Amino acid sequence: MDFEPSPKARAWLQQLEAFIDRFVLPYNAAWHRCAAEGVAPAFMQDLKDLARAEGLWNLCLPALRDDEPGTRLSNLDYAPLAQAMGRLPWSAEVFNCSAPDSGNMELLQRNATAPQRLQWLMPLLEGRIRSAFAMSEPDVASSDPTNLQTSVRREGDKLVLNGRKWFITGVAHPQCRLLIVMCRNEGEEPATGHDGHSMVLVPLDTKGVEVVRNIPIMQHRSPEGHCELLLRNVRVPAENLLGGWGQGFAMAQARLGPGRVHHCMRTIGQCELALELACDRALERRAFGKYLADQANVQDWIAESRLEIDQARLLVLHAAWSLDQREGPPSRALRAEVAAIKVVAARLQTRVADRAIQIFGAMGMSPDTPLAWLWTWGRAMRFLDGPDEVHLRTIARQELSLARERQGSSAAYFTTPEQLASEPRIR
């Protein structure tokens, strides 16, 4: 398998990197200033308009229709572009490729009715609004999503929601208009744990929706928000049900694969930036009579980071390729592969950023470099879309399933006394 960018991907990547260097990177300090002040960047819409005019729009959606704006890049072709965007984490919005909109748009593409597409999908595809995906809850262990307690019931021609959600990304964005809420079907006892929840489209300004707070992540407050929401007798039309009643988990599972590839490739871009910063610092900083780059332990850190970044990239690219090959719902093997990149990428980011911080010294913990934020986000990634332990269990179950199918065939590799004494037998 050749995971070098295809000619198509290389052309898009070259155009994207040139655009970022010329138009986006010069606004980086201004964006951070706005974030610190808690105001929306006035220049963002101009950058988005320019990116769309250049054709750098909806790069992350391979299933776009002919009448929908974007490029229809495959997951594998988009992966190096996501890596480039990751170097400036806020830049994905410029190209209408930021989470959670990217996953929500795919979810709507797959499951929305014609009126829902017109009301919500098209404004998202055009970048006129933002959205949020409301799943995790404070009162239950959301790593087991069957625990979710936010409820929905049918009441005439309405759906009525009650519950509390938290760490909901994007709600504080000034253009956020839509919540996609995962709810337990009230009053039902499903035969299994995975057909008793549904998804409901809830406009953010619906009566009964309260944004309680924007929760800082390890003392870092995101301007877009990781918010706590209270839903108290929220009423929406019955036609706001997304997909079928009880199909929430199936839709969520299909949504996560590409989104995790996007997250992981952005993580790799951030790790590449952290390594570049570390190398530059090591080459110009002296301690105990020589440059840090000449210290054996620093060289080891740099080499370990390079090895781990390249290993993770190959794993993520293979997952992207596998997603492009699938037809229908993801197989158990593909789910395990996507789970693997989620664990590997998050752990990678904390290790690489930590080494870079150590090379920088105290400056690495300050807001003067992106390293402290990169470490914080890497640590948060070990919870986002499920904690490491959940994904490790998925991988282990796949391995054990394969072992059961082999029926102990590895026993042929033993060299017990009985096997040593027996004559070779050709099967």
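Reader: Which residues of helix α8 are buried?

Author: Val-298, Ser-305, Glu-308, Ile-309, Ala-312, Arg-313, Val-316, Leu-317, Ala-319, Ala-320, Ser-322 and Leu-323 are. Keep in mind that this is a predicted model.

Reader: How should I read the spacing in such a list?

Author: Start with the general idea. An α-helix has 3.6 residues a turn, so residues three or four places apart point the same way. Now look at α8. Ser-305, Glu-308, Ile-309, Ala-312, Arg-313, Val-316 and Leu-317 are among its buried residues.

Reader: What do the buried residues of α8 pack against?

Author: They pack against α4 (75–86), α7 and α9 (332–360).

Reader: What span should helix α8 have, and what span does it have?

Author: Count 1.5 Å a residue. The helix covers residues 296–325, which is 30 residues, so it should span 44 Å. The C-alpha atoms at its ends are 44 Å apart, and the two values agree.

Reader: How does α9 do on that test?

Author: This helix has 29 residues. From first C-alpha to last, α9 reaches 43 Å, close to the 42 Å expected. It is also mostly covered, with 21 of its 29 residues buried.

Reader: What follows α9?

Author: Gly-361 does, and its phi is positive, near 80 degrees.

Reader: Next, helix α5. How many of its residues are buried?

Author: Nine of the 11 residues in α5 (101–111) are buried, so read this helix as mostly covered. The buried run includes Asp-101, Ser-102, Gly-103 and Asn-104. Met-105, Glu-106, Leu-107, Leu-108 and Gln-109 are buried as well.

Reader: Which elements do the buried residues of α5 pack against?

Author: There are helices and strands among them. The helices are α6 (114–125) and α7 (248–284). The strands are β1 (130–134), β4 (176–185), β5 (197–203) and β8 (241–242).

Reader: How do I read a strand such as β1?

Author: Think of two faces. In a regular strand the side chains alternate between the two faces of the sheet. In β1, Arg-130, Ala-132 and Ala-134 point one way. Ser-131 and Phe-133 point the other way. All are buried, so β1 counts as mostly covered, with five of its five residues buried.

Reader: Which strand is joined to β1, and do the two run parallel or antiparallel?

Author: Five bridges join β1 to β4, and the two strands run parallel. One pair to find is Ala-134 in β1 with Val-181 in β4.

Reader: How many salt bridges does the structure hold?

Author: It holds 23. Take Asp-101 and Arg-130, whose side chains meet at 2.1 Å, N to O. This pair links distant parts of the chain, since Asp-101 is in helix α5 and Arg-130 in strand β1, 29 residues apart.

Reader: Why do Asp-101 and Arg-130 count as buried?

Author: Use the cut-off: buried means under 20% relative accessible area. Asp-101 has 2%, so it counts as buried. Arg-130 also has 2%, so it is buried too.

Reader: Which other residue forms a salt bridge with Arg-130?

Author: Glu-224 does, at 3.3 Å, N to O. Glu-224 sits in the loop between β6 (209–214) and β7 (226–237), 94 residues from Arg-130 in sequence. Zoom out and there is a network of salt bridges linking Lys-48, Glu-93, Asp-101, Arg-130 and Glu-224.

Reader: Where do I find a salt bridge between partly exposed residues?

Author: Try Glu-155 and Arg-235, with their closest N and O atoms 2.6 Å apart. Glu-155 is in strand β2 (residues 151–155) and Arg-235 in strand β7, 80 residues apart. At 32%, Glu-155 counts as partly exposed. Arg-235, at 40%, does too.

Reader: What does the side chain of His-391 reach?

Author: First place it: His-391 is in helix α11 (residues 388–406). At 3% relative accessibility, it is buried. Its side chain reaches the backbone oxygen of Asp-385 at 3.0 Å. The backbone oxygen of Gly-386 lies 3.2 Å from a polar atom of that side chain. Beyond its neighbours within four places in sequence, His-391 also contacts residues including Arg-260, Ala-339, Lys-342 and Val-343.

Reader: Last one. How far apart are Gly-163 and Leu-231 in sequence and in space?

Author: They are 68 residues apart in sequence and 5.1 Å apart in space, C-alpha to C-alpha. Gly-163 lies in strand β3 (residues 158–169). With a relative accessible area of 22%, Gly-163 is partly exposed. Leaving aside neighbours within four places, Gly-163 touches Thr-150, Leu-229, Leu-230 and Leu-231.

Methods. Residues numbered from 1 in each chain as written. Predicted model: local features only at pLDDT ≥ 70, side-chain atom pairs only at ≥ 80, totals over all residues. Heavy atoms only, no water. Helix = DSSP H or I, 4+ residues; strand = E, 2+ residues; numbered from the N terminus. Buried < 20%, exposed > 50% of the residue type's maximum accessible area, 1.4 Å probe, protein only. Contact = heavy atoms within 4.5 Å. Expected span 1.5 Å × (residues − 1). Polar contact = N/O pair within 3.5 Å; in protein donor to acceptor, adjacent residues only side chain to side chain. Pairing = 2+ DSSP bridges. Salt bridge = Lys/Arg side-chain N within 4 Å of Asp/Glu carboxyl O.
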